[in-house]
Amino acid sequence: MDIKADQVLDCSGLSCPMPIIKTKKAIDALQIGQVLEMIATDPGSKSDMDAWTKKTGHQLLDSQEAGGKFMFFIQKAK
Amino acid sequence: MENGKATRMAIIAAHGTLDMAYPPLILATAAAAMDMEVTIFFTFYGLEILKKGKNEHLQVAPLGNPAMPAVVGDMHVPNIVGVLPGMTAMATSMMHEWMKRANVASIPELLDAARELGVKLVACQMTMDVLGVKKEELIEGLEIGGAATFIDFASENAITLAF
């Protein structure tokens, strides 16, 4: 899937709960429909981003994993 | 209640050691980042977490804390050794080292994040009276309240946690 991100947020190296705190702030600053690409190295971020999007209602369009990095594409829904 | 789901998180922080300061702040900031309304009620030694200039020097005691790994080189150190002078300082610097290695935010950083996310930080009035803690000793942006303040908040749709 080829998704164009409106903004990229690099949370590489950060531990829980900083990636979701930074993701929340970044999503707050976007317009509805825009897409945030969040990059993390914390393996826990995979289940955390599932939970975060489920709870907040924003849409997790895709998640990828490559070379020890996790990429999440989140669309602001509201 | 929103579709039968909790919309709030109500946390009691009653301990002032480094290891016990982390869980309430991590859960509070995570819940706030998930759009929940969050209050932390700091009572008894939990007030230490709010003390200006002191909250970056919280300690962890190895004594009576057998879950804390105590290894020097290849040698396992018996828990009772924790009674010796300097052991608390040693355990504290060990834990700071682990936290730094894993790039975990510091206690003051998590408090900043909590306030930025709108987490309500409530200092227990009764504890302040008992321990002689002045408002000026505490960080900015707090509320001061009692048990009823916490219970009122927690009584509506809240997940309640105590540390």
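This is a short talk about a predicted model with a chain A and a chain B, covering chain B, the contact between the two chains, and the salt bridges.

Hi everyone, and thanks for having me. Please keep in mind throughout that we are looking at a predicted model. I'll start with chain B on its own.

Chain B has five helices and seven strands. If you walk along chain B from the N terminus, the elements come in the order β-α-β-β-β-α-α-β-α-β-α-β. Along the principal axes, the C-alpha atoms of chain B fill a box of roughly 55 × 40 × 25 Å. Chain B has 163 residues, and 39% of them are buried. Now think about contacts in chain B between residues with a separation of 6 or more: 76% of those come from residues 24 or more positions apart. As for the outside, the accessible surface of chain B is about 8,600 Å², and carbon and sulfur atoms account for 59% of that surface.

Let's zoom in on one helix. Please find α5 of chain B, residues 147-154. Which residues of this helix are buried? They are F150(B), F153(B) and A154(B). These three cover an arc of only 95 degrees around the axis, so they sit on the same side of α5(B). If you turn to the other side of α5(B), you meet A148(B), I151(B) and D152(B), which are exposed. And what covers the buried residues of α5(B)? The cover includes three strands of chain B: β1 (8-13), β2 (37-42) and β7 (158-162).

Next, a spot on the surface. F44(B), Y45(B), M126(B), V130(B) and L131(B) make up a nonpolar patch there, and together they have about 510 Å² of accessible area. Take M126(B) as an example from that patch. You will find M126(B) in helix α4 of chain B, residues 125-131. M126(B) has a relative accessible area of 43%, so it counts as partly exposed.

Now let's bring in chain A. How many residues of each chain are in contact with the other? For chain A the number is 15, and for chain B it is 17. Between them, about 1,300 Å² is buried, and carbon and sulfur atoms give 65% of that area. On the chain A side, I21(A), K24(A) and K55(A) supply 35% of the area that chain A buries against chain B, which is more than any other three residues do.

Remember K24(A), please, as we move on to the salt bridges. Over all chains there are seven salt bridges, and two of them are between chain A and chain B.

Here is one that crosses over. D35(B) and K24(A) form a salt bridge, with their closest N and O atoms 3.0 Å apart. On one end, D35(B) sits in the loop between α1 (18-33) and β2 of chain B; on the other, K24(A) belongs to helix α1 of chain A, residues 18-28. Are the two partners buried or exposed? D35(B) is partly exposed, because its relative accessibility is 39%. K24(A) has a relative accessible area of 12%, so it is buried. There is also a third residue to mention: K24(A), D28(A) and D35(B) are linked in a network of salt bridges.

The next pair is E116(B) and K25(A), where the closest N and O atoms are 3.0 Å apart. This pair joins two chains, because E116(B) lies in helix α3 of chain B (residues 107-116) and K25(A) lies in helix α1 of chain A. E116(B) is exposed, with a relative accessible area of 57%, while K25(A) is partly exposed at 35%.

My last pair stays within chain B. The side chains of E37(B) and R8(B) meet in a salt bridge at 3.2 Å, N to O. Why does this pair tie together separate parts of the sequence? E37(B) is in strand β2 and R8(B) is in strand β1 of chain B, so the parts being joined are 29 residues apart in sequence. E37(B) is partly exposed, with 41% relative accessibility. R8(B), in contrast, is buried at a relative accessible area of 14%.

That's my tour. Thanks for listening, and I'm happy to take questions!

Methods: Residues numbered from 1 in each chain as written. Chains lettered and ligands numbered in written order. Predicted model: local features only at pLDDT ≥ 70, side-chain atom pairs only at ≥ 80, totals over all residues. Heavy atoms only, no water. Buried < 20%, exposed > 50% of the residue type's maximum accessible area, 1.4 Å probe, protein only. Helix = DSSP H or I, 4+ residues; strand = E, 2+ residues; numbered from the N terminus. Arc of directions from axis to C-beta. Contact = heavy atoms within 4.5 Å. Patch = residues over 30% accessible without salt bridge, like charges linked within 9 Å, V, L, I, M, F, W, Y side chains within 5 Å. Areas by Shrake-Rupley, 256 points an atom, 1.4 Å probe, with all protein chains shown as cover. Salt bridge = Lys/Arg side-chain N within 4 Å of Asp/Glu carboxyl O. Buried area = accessible area lost by both parts, 1.4 Å probe.
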